[in-house]
Amino acid sequence: MPSEGRCWETLQALRNSDKGRLCYHRDWLLQGEDVLEECMSLPKLSSYSGWVVDHILPHTQGNPPSSEASTSSRPTSALDQPSFVPKSPIRSPASSPASPATPATPDGTEGKHESQQTESVVLQSSRGIKVEGCIRMYELVHRMKGTEGLRQWQEDQERKVRALSEMASEQLKRFDERKELKHHKEFQDLREVMEKSSREALGQQEKLKAEHRHRAKILNLKLREAEQQRLKQVEQERLRREEGQARLRSLYALQEELLHLNQQLDADQHKDLLKVDLSAFQTRGNQLCGLISGIIRATSENGFPTTEDQAVAERALQEMRDLLTNLQQEIARACEDKRRQDEKEAQIKQQESQMQQGPQVHRESRAPSLGPGGKQNEDLQVKVQDSTMQWYQQLQDASSRCMLAFEGLTSSKDSEAKKIKMDLQKAATIPVSQISTIAGSKLKEIFDKIHSLLSGKPVQSGGRSVSVTVNPQGLDFVQYKLAEKFVKQGEEEVASHHEAVFPIAVVASGIWELHPRVGDLILAHLHKKCPYSVPFYPSFKEGMSLEDYQRMLGYQVTDSKVEQQDNFLKRMSGMIRLYAAIIQLRWPYGNRQEVHPHGLNHGWRWLAQILNMEPLSDVTATLLFDFLEVCGNALMKQYQVQFWKLILLIKEDYFPRIEAITSSGQMGSFIRLKQFLEKCLQRREIPVPKGFLTSSFWRS
């Protein structure tokens, strides 16, 4: 409390005053026993009583009454004079009156003297007692005076202390009152400030409410306007959608008619007209079909076709009709020429027969094809060569036979068979998923595990021992699933991470070398998912649905919805990169004396055939760039000058064909390929692909 603090300040001030600095004997009670003894003991003569008897009483013996009267009447005043105070005691009362050592006289005076001494001692004793009494009275008076003075001083001090305490208490009360007044005043000021703030806040709140009501009105107006605008836009969007759907239906009808007309351009039905080159009509027809397909793909990505798209499709259809008319006219002219030629030949034969000359042997000239050091035909093809198609079909047939071989295992309802199938599938696919560029030793462990599984040895998978010998169809199943997994890694993993292609490809190449059937199945899966790896451009056949045709082209179709073009190109790029890496890599621990099961010569064949075919918009440029970036360095080292001739041919003759069919929105892949080849031609070198496995990797 504040008052308590004031009390301590008052006591401290009293302690620092003159009276407060006086020292008092606090232990006088310890001497109380001696004081009480003095009060309770019998009176004793003082040491000064002998001096009084020797010096004062002899002078007053002659006049005892007056002396006694004087002594008795004023004992205190006589004792108070300084002349009566001895300087030092002479002797004690016990020894001064009579000395035991005093010799006795022979004449008998000793008794007389003793009687005088006895009388004087008695006299002296009575007077000494009086003197001692006077002394005691003097001491008592002075003690009483001292006690009274001390009592008065104590009372004065107590009064002063009470006065100071009352004053301190009053000051403390005043201090408390001032403090309470100050608190009250502060509380009043705070209340006034709070009331003022509250009034201001209420005023501000009212002002904000008014502004809010005003803004709410404006906002409501804007919302109504926005709602009207939204309804208007919805109506416009509905109309646009209806128009777009109508244009899309019209576009599909145009495509269907265009494909139907393109079938009529097939030159195979005019094989008898050998001297007439109809490939230009078919090439242009395929280009027009590709143009319509590109418009439809762009439409599936962007929404609905525009009027410009419809106009382009209509112009393409009209051009196709004109093309068909020209073809028919050309066929008619060719038929007329053939008829005339036949007539001439008949006449010549008749003449020759008449001249008995032997028949001449006519040799047919074969159309030149593109190869190392060769030249490209003036008119490119769309169809793949017959030998390539036979090879493609053989691989697909082998894949189908493999599927039929393990059909019993996959279709079995037995739980044990299902368990075996699941264990075999995990043992085949999980190691392929674990392939990475962590270390060469790790890659070798994965390869050995796959090789052991294909060789019929038991391997550990999921904590269990798995072997293909547990089921007669196990080996076919594992080979098929393993090949499928390799291609899927290219489709997914390599498409996202280009550097991952080399460890996957080197393992696939090593397995291909030891187990050729797995390599054939890899090619079959690759050709089926990416027909451009053949290379092969599937044609639209009569009676085929549009979705089936898009699947043949490599697109993923789900619920009648075609995947976006970017995702399609990304998957195709991953699989082409896998193929380009496989043909140039070999397993480092294999037999080097044997040739590569599918080496760089197949890469040259693919590159030559793709350049002998008409380019596809956005697809051909992407695939060429991916193939050359991965395999270009190896082809350059293998074919050297012939390879650079091929690169110059692409730059000078093939680039204009790609650019002619590429729209402005699809120039990215074309520009990337063009810049890559120009840089390579400038440096005269194809760089080593990023992520290529070096010798140090296999030592890790």
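**Figure 1. Two cavities sit inside this predicted model.** The structure holds two cavities of 30 Å³ or more, and since we're looking at a predicted model, everything in these views is computed from it. The largest cavity takes in about 70 Å³ of space. The second largest cavity has a volume of about 30 Å³. Figures 2 and 3 show who lines each one.

**Figure 2. A look at the lining of the largest cavity.** Here you'll find Gln255, Ser293, Ile296, Arg297, Leu546, Tyr549, Gln550, Leu553, Tyr555 and Val562 around the space. Sorted by class, that lining comes out as six nonpolar, three polar and one charged residues. To get your bearings, look for helix H7 (279-302) and H16, since each of them supplies at least two of the lining residues.

**Figure 3. The lining of the second largest cavity is nonpolar.** Trp512, Ile522, Leu523, Leu526, Leu578, Tyr579 and Ile582 line this one. By class, that makes seven nonpolar residues, with no polar and no charged ones. Two helices to pick out are H15 and helix H17 (565-582), each giving at least two residues to the lining.

**Figure 4. Phe486 is one of the hubs of the largest nonpolar core.** The largest nonpolar core has 123 residues, and the members touching the most other members are Phe486, Val507, Tyr532, Leu607, Leu624, Phe627 and Phe643. Helix H19 (residues 619-639) gives this core its largest share, 12 residues. In soluble globular proteins, nonpolar side chains tend to be buried together. Zoom in on Phe486 and set aside its neighbours within four places in sequence: the contacts left are Val432, Ile435, Ile504, Val507, Ala508, Ile522 and Leu578. Two of these names may ring a bell, as Ile522 and Leu578 also appear in the lining of the second largest cavity.

**Figure 5. Leu607 is another hub of the core.** Leu607 has its place in helix H18 (residues 600-611). With a relative accessible area of 0%, Leu607 counts as buried. What does Leu607 contact, leaving aside its neighbours within four places in sequence? Leu624, Phe627, Leu628, Leu635 and Leu646 make up that set. Take Leu624: from Leu607 to Leu624 you count 17 residues along the sequence, while their C-alpha atoms are 8.1 Å apart in space.

**Figure 6. Glu132 and Arg136 pair up along a helix.** The structure holds 22 salt bridges, and this view picks out one of them. The side chains of Glu132 and Arg136 meet with N to O at 3.5 Å. Both residues belong to helix H6 (residues 109-264), where they are four residues apart, or about one turn of the helix. Are the partners buried or exposed? Glu132 counts as buried because its relative accessibility is 8%, whereas Arg136, at 39%, counts as partly exposed.

**Figure 7. Asp476 and Arg517 link two helices.** In this salt bridge the closest N and O atoms of Asp476 and Arg517 are 2.4 Å apart. Asp476 is in helix H13 (residues 474-496) and Arg517 is in helix H15 (residues 516-529), so the pair ties together parts that are 41 residues apart in sequence. Asp476 counts as buried, at 16% relative accessibility. Arg517, at 34%, counts as partly exposed. Helix H15 should look familiar, as H15 also supplies at least two lining residues to the second largest cavity.

**Figure 8. Asp548 and Arg551 meet within H16, and a network joins four other residues.** The salt bridge between the side chains of Arg551 and Asp548 spans 3.3 Å, N to O. The two are three residues apart in helix H16 (residues 546-552), so about one helical turn separates them. Both are partly exposed: Arg551 has a relative accessible area of 37%, and Asp548 has 39%. Elsewhere, salt bridges with shared partners join Glu491, Lys529, Glu563 and Arg571 into one network.

**Figure 9. Thr429 is a buried residue with two lysine contacts.** Look for Thr429 in helix H11 (residues 415-433). Its relative accessible area is 17%, so Thr429 counts as buried; the cut-off for buried is under 20%. Which residues does Thr429 touch, not counting those up to four places away in sequence? They are Lys481 and Lys485.

Notes. Residues numbered from 1 in each chain as written. Predicted model: local features only at pLDDT ≥ 70, side-chain atom pairs only at ≥ 80, totals over all residues. Heavy atoms only, no water. Buried < 20%, exposed > 50% of the residue type's maximum accessible area, 1.4 Å probe, protein only. Contact = heavy atoms within 4.5 Å. Core = buried A, V, L, I, M, F, W, Y, C linked by side-chain atoms within 4.5 Å. 1 Å grid on protein atoms, 1.4 Å probe; cavity = no way out; pocket = protein on both sides within 12 Å on 5 of 7 lines; lining within 4 Å. Points joined across faces, edges and corners; volume = space filled by probe spheres on them. Nonpolar A, V, L, I, M, F, W, Y, C, P; charged D, E, K, R; others polar.
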